[in-house]
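Reader: I'd like to walk through this model with you, one question at a time. Could you keep the cut-offs explicit as we go?

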Amino acid sequence: TFHQHQFVKMAAMTRAMPTLAVRASTGAAPRRAAAKASKAPLRAARDVRVRDGDAYGASGTSFYTTTEKQESYDALDSVLNAKCADAEVRTVIKEQLDACADITEALRSALVTVEGSSNTFGDAQLSVDVIADQIMWDAVKSSAVVAFGASEEEPVVKPCNPNGRFTVCWDPLDGSSIVDNNWAVGTMIGIWSKETGSGDNGMIGATGRDQVTALIAIYGPRTTVLVGLDDGVYEFSYGCTPDGCQLPDGTFEPWICSRKQIKINADSRIFSPANMRAGQEVAGYKKLMDYYIDNKYTLRYSGGLVPDVYQQFTKNMGIFTNPTSDASPAKLRLAFEASPFGLLVEQAGGKTSDGVSGGSVLDVPITQVDQRTPLCIGSANEVDRFNKMVLGK
């Protein structure tokens, strides 16, 4: 069976694991490079082959990674130099990745407590929200290429460097309601040219399609970040220290490219239904939920936008639905959440719906910085199904 083949293959790889090497850039960032560390002795590999059919195997509803171990991994700089022609875009990407690295370290040392304040949407701010947001502000205010910045915590476009080129919008820590459970949370970043739109800050009148790039970071057992480059979506992993990946000075590259040109398949067997309360008022949404159940789709939903949509890039399929109703209005922010994810999903071959017209969320003009939107995003055929069953399009 497929599972038997996979488990046997894994066991064989464990017995004869090749030495890894990293294709390094000219120099790792000193403040990020990992220190020398002694490796603990490897334990003997367990025999994890399936016995007697599925007796010890996973259920048929599980979807495991198909990403195979590589002989070597490209460093961040080498990928950006080859796959991002614009030098200023390369600069802003590296600055934002530095911020994501700092947020990673902060999350590992900060307690999750109520800060005693709330953001402009009335959400209680947690200590980690405030820390992550400050890290992002520090990054854009010290940048030579960022002209304006805006945070979901306080959705006002603020000046940074008058000589800068970009407007950066971010949700510093998506998943405040689940971070206390130690579940995966993330950062969403959209980057526009300040020349887009009708104002001087590149936002009002612009659309998500005007973004020059976007980044989505997820903080879980590992920190990985999706980045839109010239020829597709790439994933970079932070702080990985696989055997054989040391640089000549004994340190490690802070970021390595873990996956390249990621694709999202047109069909999916995974569904992530947000705002299910709307099913009481939107008959089509209730029918769509029934369709997923009747056709034995697998539920994969955590309540965090970043992990629930990010999995579409790791599983190469998925559908996230968030329609609205009068009693369950839109909560997702167009500039801070829907646009960054929409850019990457469509770049990877997926599709988006604005939840109203059925058109792409990337074509919705930004009329307010804190504008909210319904959203359906993921595998193309599943988005079409949403538009037909929920919107009648």
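Reader: What share of the chain's accessible surface belongs to carbon and sulfur atoms?

Author: The model is predicted, with local features needing pLDDT of at least 70 and side-chain atom pairs counting only at pLDDT 80 or more, while totals for chains, interfaces and linings use all residues. Residues are numbered from 1 along each chain as its sequence is written, and side-chain values use heavy atoms, with hydrogens and water left out. Areas here come from the Shrake-Rupley method with a 1.4 Å probe, and for residues only the protein chains shown count as cover. The chain's total is about 18,200 Å², and the carbon and sulfur share is 51%.

Reader: How much of the chain counts as buried?

Author: Buried means under 20% relative accessible area, exposed means over 50%, and partly exposed is in between (1.4 Å probe, protein chains only). Out of 393 residues, the buried part is 52%.

Reader: And how many helices and strands does the chain have?

Author: Both are DSSP runs numbered from the N terminus: helices are H or I with at least four residues, strands are E with at least two. Counted that way, the chain has eight helices and 19 strands.

Reader: Which helix gives the most to the largest nonpolar core?

Author: A nonpolar core is a set of buried Ala, Val, Leu, Ile, Met, Phe, Trp, Tyr and Cys residues joined through side-chain atoms within 4.5 Å. The largest one has 44 residues, and I93, L229, F236 and W255 have the most contacts inside it. With nine residues in this core, the top contributor is helix α3 (residues 87-107).

Reader: What does the second core include?

Author: This one is separate from the largest core and has 40 residues. Its members include M188, L226, F336 and I377.

Reader: Back to F236: what is it in contact with, beyond its close sequence neighbours?

Author: Contact means heavy atoms within 4.5 Å, and neighbours within four places in sequence are left aside. Two of its partners, L229 and W255, are also on the list of residues with the most contacts inside the largest core. The full set for F236 is L76, V79, T223, T224, V225, V227, L229, W255, I256, C257 and S258.

Reader: How are α6 and α7 oriented to each other?

Author: Two packed helices are described by the angle between their axes and the distance between the axes. Axes are lines fitted to C-alpha atoms, for helices over the stretch in contact, with angles from 0 to 180 degrees between N-to-C directions; under 35 degrees counts as roughly parallel, over 145 as roughly antiparallel, 65 to 115 as roughly perpendicular and the rest as oblique. Helix α6 (residues 305-314) and helix α7 (residues 334-347) come within 11 Å and cross at roughly 10°. The pair is therefore roughly parallel.

Reader: Which residues of α7 meet α6, and how does the contact split by class?

Author: On the α6 side you have L305, V306, V309, Y310, Q312 and F313, and they meet E337, F341, L344 and V345 of α7. For classes, Ala, Val, Leu, Ile, Met, Phe, Trp, Tyr, Cys and Pro count as nonpolar, Asp, Glu, Lys and Arg as charged, and the others, Gly among them, as polar. The split is eight nonpolar, one polar and one charged.

Reader: Is α6 mostly covered or mostly open?

Author: Among the buried residues of α6 are P307, D308 and Q311. In total, nine of its 10 residues are buried, so the helix is mostly covered.

Reader: What about α5 and α8: how do they sit relative to each other?

Author: The axes of α5 and helix α8 (residues 380-389) come within 9 Å and cross at roughly 140°. The contact uses G284, K287, L288, Y291 and Y292 of α5 with E382, R385, F386 and M389 of α8. By class there are five nonpolar, one polar and three charged residues. With that crossing angle, the two helices are therefore oblique.

Reader: N275 has a positive phi; is the residue buried or exposed?

Author: N275 isn't a glycine, yet its phi is about 50°. The residue is in the loop between β13 and α5 (283-294). Its relative accessible area is 14%, which makes N275 buried.

Reader: And K296: buried or exposed?

Author: K296 is also not a glycine, and its phi is positive, about 60°. The residue lies in the loop between α5 and β14 (298-299). With a relative accessible area of 69%, K296 is exposed.
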